[in-house]
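Let's take a walk through this structure together. Have the sequence and the 3D view ready, and we'll go one stop at a time.

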Amino acid sequence: GKDLPADAQWVKAARGGIFLDGDMSAVKTNDYPERDYPWGDDLAGLDAGELAWKEAPGKGALRPVDCCGGGAAPYGPRNMAGNVLEWTRDWWEPGFFRRRLEAGETVKDRVGPEEGQERTARGGHFASPRQMELAIPFVSHFRPDTQWEGLGFRCAEHSPITSRVKTP
(Lines give C-alpha, C1' and ligand atoms only; values in the text may rest on other atoms or scores of the structure.)
Protein backbone atom coordinates (compact mmCIF):
# COMPACT_ATOMS: atom_id res chain seq x y z
CA GLY A 1 0.00 0.00 0.00
CA LYS A 2 3.00 2.34 -0.16
CA ASP A 3 4.73 3.82 -3.16
CA LEU A 4 6.82 6.79 -4.18
CA PRO A 5 4.62 9.88 -4.12
CA ALA A 6 3.62 11.51 -7.36
CA ASP A 7 5.37 14.85 -7.80
CA ALA A 8 2.12 16.68 -7.00
CA GLN A 9 1.63 14.56 -3.86
CA TRP A 10 5.11 15.46 -2.65
CA VAL A 11 4.36 19.15 -3.20
CA LYS A 12 1.01 18.82 -1.39
CA ALA A 13 2.71 17.13 1.59
CA ALA A 14 5.38 19.85 1.71
CA ARG A 15 3.11 22.84 1.17
CA GLY A 16 -0.19 21.79 2.67
CA GLY A 17 -3.45 22.83 1.15
CA ILE A 18 -6.74 24.42 1.97
CA PHE A 19 -7.63 21.65 4.41
CA LEU A 20 -5.08 19.92 6.60
CA ASP A 21 -7.17 16.88 7.51
CA GLY A 22 -7.71 14.65 4.49
CA ASP A 23 -10.73 12.78 5.86
CA MET A 24 -12.40 16.08 6.83
CA SER A 25 -13.20 14.76 10.34
CA ALA A 26 -11.40 17.70 11.91
CA VAL A 27 -11.30 20.33 9.19
CA LYS A 28 -8.64 22.91 9.84
CA THR A 29 -7.73 25.51 7.26
CA ASN A 30 -4.13 26.06 6.27
CA ASP A 31 -3.52 29.76 6.72
CA TYR A 32 -0.38 29.70 4.62
CA PRO A 33 -0.58 27.34 1.60
CA GLU A 34 1.91 29.20 -0.60
CA ARG A 35 4.98 28.78 1.61
CA ASP A 36 8.44 28.73 0.02
CA TYR A 37 9.75 25.86 2.17
CA PRO A 38 7.88 23.09 3.99
CA TRP A 39 8.18 25.01 7.30
CA GLY A 40 7.40 28.53 5.95
CA ASP A 41 9.24 31.28 4.09
CA ASP A 42 12.28 31.84 6.26
CA LEU A 43 15.31 29.57 6.13
CA ALA A 44 17.39 31.82 8.35
CA GLY A 45 14.75 31.76 11.10
CA LEU A 46 15.39 28.11 11.91
CA ASP A 47 17.78 27.37 14.75
CA ALA A 48 20.96 25.39 14.22
CA GLY A 49 20.26 21.68 14.21
CA GLU A 50 16.77 21.97 12.78
CA LEU A 51 17.87 21.12 9.23
CA ALA A 52 20.50 18.77 7.86
CA TRP A 53 21.37 21.42 5.23
CA LYS A 54 24.11 23.94 5.91
CA GLU A 55 24.51 27.11 3.85
CA ALA A 56 28.14 26.49 2.90
CA PRO A 57 28.38 23.77 0.24
CA GLY A 58 29.95 20.59 1.50
CA LYS A 59 29.39 21.51 5.16
CA GLY A 60 26.26 19.42 5.65
CA ALA A 61 26.09 15.68 6.05
CA LEU A 62 23.56 12.93 5.53
CA ARG A 63 21.51 12.71 8.72
CA PRO A 64 19.00 10.20 10.15
CA VAL A 65 15.47 10.93 8.96
CA ASP A 66 14.38 11.94 12.47
CA CYS A 67 17.50 14.04 13.16
CA CYS A 68 16.18 17.52 13.25
CA GLY A 69 13.54 19.00 15.49
CA GLY A 70 12.25 21.83 13.31
CA GLY A 71 11.09 22.39 9.83
CA ALA A 72 7.85 20.42 9.91
CA ALA A 73 5.49 20.75 6.95
CA PRO A 74 1.77 21.51 7.56
CA TYR A 75 0.73 17.84 7.68
CA GLY A 76 3.59 17.05 10.06
CA PRO A 77 6.33 15.38 7.99
CA ARG A 78 9.79 16.60 8.91
CA ASN A 79 12.96 17.03 6.90
CA MET A 80 11.25 17.30 3.53
CA ALA A 81 13.99 19.68 2.44
CA GLY A 82 17.69 19.74 3.17
CA ASN A 83 18.60 16.16 3.98
CA VAL A 84 18.26 14.20 0.73
CA LEU A 85 16.49 14.87 -2.53
CA GLU A 86 13.44 12.61 -2.57
CA TRP A 87 12.44 10.62 -5.63
CA THR A 88 8.91 10.98 -6.96
CA ARG A 89 7.32 8.55 -9.38
CA ASP A 90 6.73 11.18 -12.11
CA TRP A 91 8.78 11.33 -15.28
CA TRP A 92 10.49 14.63 -16.10
CA GLU A 93 9.61 16.48 -19.27
CA PRO A 94 10.47 20.19 -19.52
CA GLY A 95 7.41 22.33 -20.22
CA PHE A 96 4.95 19.42 -19.93
CA PHE A 97 2.31 21.25 -17.88
CA ARG A 98 2.80 24.56 -19.72
CA ARG A 99 2.08 22.79 -23.03
CA ARG A 100 -1.04 21.19 -21.56
CA LEU A 101 -2.29 24.61 -20.42
CA GLU A 102 -1.52 26.17 -23.80
CA ALA A 103 -3.50 23.37 -25.46
CA GLY A 104 -6.51 24.41 -23.38
CA GLU A 105 -6.45 21.45 -21.02
CA THR A 106 -7.44 21.78 -17.39
CA VAL A 107 -4.38 20.84 -15.35
CA LYS A 108 -5.96 19.94 -12.02
CA ASP A 109 -4.68 16.38 -11.86
CA ARG A 110 -0.96 17.26 -12.14
CA VAL A 111 -0.26 13.80 -13.54
CA GLY A 112 3.09 13.89 -15.29
CA PRO A 113 4.14 12.30 -18.58
CA GLU A 114 3.51 8.58 -19.02
CA GLU A 115 7.13 7.85 -19.93
CA GLY A 116 10.51 9.50 -20.05
CA GLN A 117 14.24 9.19 -19.45
CA GLU A 118 14.47 10.87 -16.04
CA ARG A 119 12.31 10.99 -12.91
CA THR A 120 11.76 14.01 -10.70
CA ALA A 121 13.18 14.50 -7.21
CA ARG A 122 12.31 17.20 -4.68
CA GLY A 123 13.57 18.78 -1.49
CA GLY A 124 17.21 19.70 -1.93
CA HIS A 125 20.02 17.78 -0.26
CA PHE A 126 22.49 18.39 2.53
CA ALA A 127 25.18 19.61 0.11
CA SER A 128 22.90 21.70 -2.14
CA PRO A 129 25.02 24.67 -3.16
CA ARG A 130 22.10 27.11 -3.14
CA GLN A 131 19.30 27.79 -0.71
CA MET A 132 16.81 27.96 -3.61
CA GLU A 133 17.26 24.21 -4.17
CA LEU A 134 15.46 23.61 -0.86
CA ALA A 135 12.38 25.58 -1.96
CA ILE A 136 9.20 23.66 -2.75
CA PRO A 137 8.97 24.82 -6.40
CA PHE A 138 12.52 23.62 -7.20
CA VAL A 139 12.57 20.28 -9.00
CA SER A 140 15.54 18.10 -9.89
CA HIS A 141 15.57 15.18 -12.31
CA PHE A 142 17.76 12.12 -12.69
CA ARG A 143 17.93 8.87 -14.60
CA PRO A 144 16.22 6.14 -12.52
CA ASP A 145 19.49 4.25 -12.07
CA THR A 146 21.20 7.23 -10.40
CA GLN A 147 22.58 6.46 -6.93
CA TRP A 148 24.37 8.76 -4.48
CA GLU A 149 24.09 9.71 -0.82
CA GLY A 150 22.18 12.94 -1.51
CA LEU A 151 19.31 11.11 -3.23
CA GLY A 152 16.76 9.09 -1.27
CA PHE A 153 13.04 8.52 -1.02
CA ARG A 154 9.98 8.88 1.17
CA CYS A 155 7.04 6.53 0.79
CA ALA A 156 3.46 7.69 0.42
CA GLU A 157 0.70 5.58 1.87
CA HIS A 158 -2.42 5.69 -0.22
CA SER A 159 -5.63 6.32 1.68
CA PRO A 160 -8.57 3.96 1.10
CA ILE A 161 -10.20 6.69 -1.00
CA THR A 162 -7.26 7.17 -3.37
CA SER A 163 -6.45 3.48 -3.57
CA ARG A 164 -9.93 2.83 -5.03
CA VAL A 165 -9.36 5.26 -7.85
CA LYS A 166 -8.38 3.42 -11.01
CA THR A 167 -5.32 4.70 -12.80
CA PRO A 168 -5.54 5.05 -16.58
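Which residues does A73 touch, not counting residues up to four places away in sequence? Keep in mind as you look that this is a predicted model. The residues that A73 touches, with that same exclusion, are A13, A14, P38 and M80. You'll find A73 itself in the loop between α1 and β2. With a relative accessible area of 6%, A73 falls under the 20% cut-off, so it is buried. For a sense of how the chain folds back here, try R35: it sits 38 residues from A73 in sequence, yet the C-alpha atoms of the two are 9.7 Å apart in space.

Stay in that loop between α1 and β2 for a moment, because N79 has its place there too. N79 is not a glycine, and still its phi is positive, at about 60°. Its relative accessibility is 5%, so N79 counts as buried.

Now for helix α1, which covers residues 7–15. Its buried residues are D7, W10, V11, A14 and R15. Why do they end up on the same side of α1? They cover an arc of only 115° around the axis, and that puts them there. As for what lies over them, the cover includes strands β2 (85–91), β3 (119–122) and β4 (139–142). Right after α1 comes G16, with a positive phi near 90°.

One of those covering strands, β3, holds T120. Is T120 buried or exposed? At 4% relative accessibility, it counts as buried. A polar contact of 3.2 Å joins its side chain to that of D7, which is one of the buried residues of α1. T120 has plenty of other company: leaving out residues up to four places away in sequence, it touches residues including E86, W87, T88, V139, S140 and H141.

Next, the nonpolar cores. As a general rule, nonpolar side chains in soluble globular proteins tend to be buried together. Here the largest nonpolar core has eight residues: Y37, W39, L43, L51, W53, A81, L134 and A135. Within that list, A135 touches Y37, and it also touches D36, again not counting residues up to four places away in sequence. There is a second, separate core of six residues, among them W10, A14, A73 and I136. So A73, where we started, turns up again, buried at 6% relative accessible area.

Let's finish with the aromatic rings. How many aromatic pairs does a search of the whole structure find? It finds two. In one, the rings of Y37 and W39 have their centres 5.1 Å apart and their planes at 0°, so this pair is stacked. Both Y37 and W39 are buried. The other aromatic pair, W87 with F142, is edge-to-face, at 6.2 Å centre to centre and with 75° between the planes. This pair links distant parts of the chain: W87 is in strand β2 and F142 is in strand β4, 55 residues apart. W87 and F142 are buried as well.

One last ring is worth a look, that of W91. R119 lies over the face of W91, at 3.7 Å from the ring centre.

Note on methods:
Residues numbered from 1 in each chain as written. Predicted model: local features only at pLDDT ≥ 70, side-chain atom pairs only at ≥ 80, totals over all residues. Heavy atoms only, no water. Buried < 20%, exposed > 50% of the residue type's maximum accessible area, 1.4 Å probe, protein only. Helix = DSSP H or I, 4+ residues; strand = E, 2+ residues; numbered from the N terminus. Arc of directions from axis to C-beta. Contact = heavy atoms within 4.5 Å. Core = buried A, V, L, I, M, F, W, Y, C linked by side-chain atoms within 4.5 Å. Polar contact = N/O pair within 3.5 Å; in protein donor to acceptor, adjacent residues only side chain to side chain. Phe/Tyr/Trp six-rings, centres within 6.5 Å; stacked < 30°, edge-to-face > 60°. Lys NZ or Arg CZ within 6 Å of the ring centre and 35° of its normal.
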